[in-house]
Amino acid sequence: MSTTSCPVVRRIAVMTGGGDCPGLNAVIRAVVLDALTCGMTVVGVEDGYLGLIENRMRELTERDMLGILARGGTILGSNNKSNPSKYPVGQNPPPPAGDGKVIYADVTRNCLAHLRERGVEAMVVIGGDGTMTSAATFSQMGLPVVGVPKTIDNDIEGTEITFGFQTAVATATDAMDRCRTTADSHHRAMIVEVMGRNAGWIALHAGVASGADVILLPEIPFKMEPIYTKIVHRSKRGRKSTLVCVSEGAAPLGGAKVVARVDPTSPDPIRLGGVGKWLAEQIEEATGVESRFAVLGHTQRGGTPVASDRVLSTMLGHHAMQLLREGKVGRMVAVQHGQLTDIDLREPAGRQRLVKPDEPLIAAARGVQTSFGDS
Ligand code: F6P
């Protein structure tokens with residue numbers, strides 16, 4: 001049974017937006033079971049804001065929640081391209097008749113109409129900073145909304161942890177442990193590229209957990225010389241291998257991040273990737289130490305959530321429902337100083353929580369002789 005009495009609303013919608021991450025289903029389960037316990041009904045919006053725009057939703061029942069706690073991905077589907085405030089609705093004719101540009105429209109009112117048609121009175125939105133920005137717009141237009149932050153990157157402003165992060169770190173750590181044994185056998189430098197966009201949280205945590213000798217973060221521009229020195233020094237001292245954990249957003253001092261692709265259909269069009277390959281080539285050429293790279297990519301986003309992410313997801317989902325029942329809307333649930341709390345939905349918009357230079361884990365890593373390529 002739920003801890004608070006209910007309900008102020010009778011019917012809610014739940015949606016997952018942005019890139020997926022492990023633990024989304026655990027939040028959906030927490031929200032839906034809590035709502036059903038309170039006598040509310042729930043509709044699931046399919047494929048994030050795209051489903052809201054295209055009016056694709058389905059009723060969610062207790063049966064739908066069976067076995068999803070440990071399942072990766074999202075049973076609702078997600079989408080990291082659709083922004084209801086700027087949705088592509090057509091294209092001008094190509095020159096000479098027109099400029100060929102995509103025509104955008106604000107379809108937020110259509111989305112609200114779709115929810116009204118189905119009798120939805122409030123919505124729980126699970127997503128990242130972009131998803132929260134749109135959620136804030138709906139909230140300002142009068143829809144009671146509560147947000148739940150998600151991302152493997154752990155970079156949402158206002159919360160010190162997001163679910164999905166701990167699973168990504170566990171996956172990356174396991175992969176690096178494996179890379180270490182093969183690198184040892186062949187006396188190689190092994191460069192492992194992890195995700196994280198502009199934040200180095202995954203690289204920092206997985207790098208420390210796997211005992212990486214070099215950790216390169218977007219927040220600390222690196223120089224090549226200290227990396228070469230470290231590798232050569234290790235090789236001379238008989239160390240079998242050197243493990244380098246590089247965040248996809250890391251860049252050399254004065255250099256640019258490596259962009260894998262630009263997706264003009266996405267509100268956040270830059271996709272980073274490729275720095276690992278570049279580093280392996282530079283290292284091999286400069287040091288003569290045979291080097292290989294591995295890009296962990298979406299393996300970090302997929303698969304079953306670790307226990308701590310299932311717990312966090314359940315806590316956050318439950319807290320979101322508590323806020324909804326208390327009528328405390330326009331809020332995003334958050335963790336601050338280890339405690340559940342809530343912040344204004346607009347707070348994370350356009351911001352990223354980056355690793356600060358005085359992060360205690362950086363000092364601890366330096367303490368165990370890890371190089372950040374900066375000295
Ligand atoms: O934000 C999560 C994330 O996995 C980033 O770490 C990564 O840069 C990006 O999404 C990849 O996006 P996509 O799935 O569109 O390639």
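Trainee: What makes the pair between Asp153 and the ligand a polar contact?

Mentor: In this predicted model, a polar side-chain atom of Asp153 lies 2.6 Å from an oxygen atom of the ligand. The cut-off for N or O atoms is 3.5 Å, so the pair counts. Arg271 also puts a polar side-chain atom 2.7 Å from a ligand oxygen. With Gly196, a backbone N or O atom is the one involved, at 3.1 Å from an oxygen atom of the ligand.

Trainee: How much of the ligand does the protein bury?

Mentor: Taken alone, the ligand exposes 400 Å², and the protein buries 81% of that. Among the residues surrounding the ligand are Asn80, Ile152, His298 and Arg301.

Trainee: OK, now His114. Why is His114 called buried?

Mentor: Its relative accessible area is 13%. Buried means under 20%, so His114 qualifies. His114 sits in helix 3, residues 108-117, and its contacts include Leu52 and Met57.

Trainee: How do you know that strand 8 and strand 13 pair?

Mentor: Pairing needs at least two bridges, and these strands have five, so they pair, in the parallel sense. In one of the bridges, Ala189 is partnered by Ser291 of strand 13.

Trainee: And what order do the strands of the open sheet have?

Mentor: The order is 9-10-8-13, four strands with parallel pairing.

Trainee: What makes strand 9 and strand 13 edge strands?

Mentor: Each has a single partner strand, so one side of each is left without a neighbour in the sheet. From one strand to the next, the twist averages 15°. Helix 7 packs on this sheet, touching strand 8, strand 9 and strand 10.

Note on methods: Residues numbered from 1 in each chain as written. Predicted model: local features only at pLDDT ≥ 70, side-chain atom pairs only at ≥ 80, totals over all residues. Heavy atoms only, no water. Buried < 20%, exposed > 50% of the residue type's maximum accessible area, 1.4 Å probe, protein only. Contact = heavy atoms within 4.5 Å. Axes fitted to C-alpha atoms, helices over the stretch in contact; angles between N-to-C directions. Near = heavy atom within 4 Å. Polar contact = N/O pair within 3.5 Å; in protein donor to acceptor, adjacent residues only side chain to side chain. Areas by Shrake-Rupley, 256 points an atom, 1.4 Å probe, with all protein chains shown as cover. Lists of a residue's contacts leave out its neighbours within four places in sequence.
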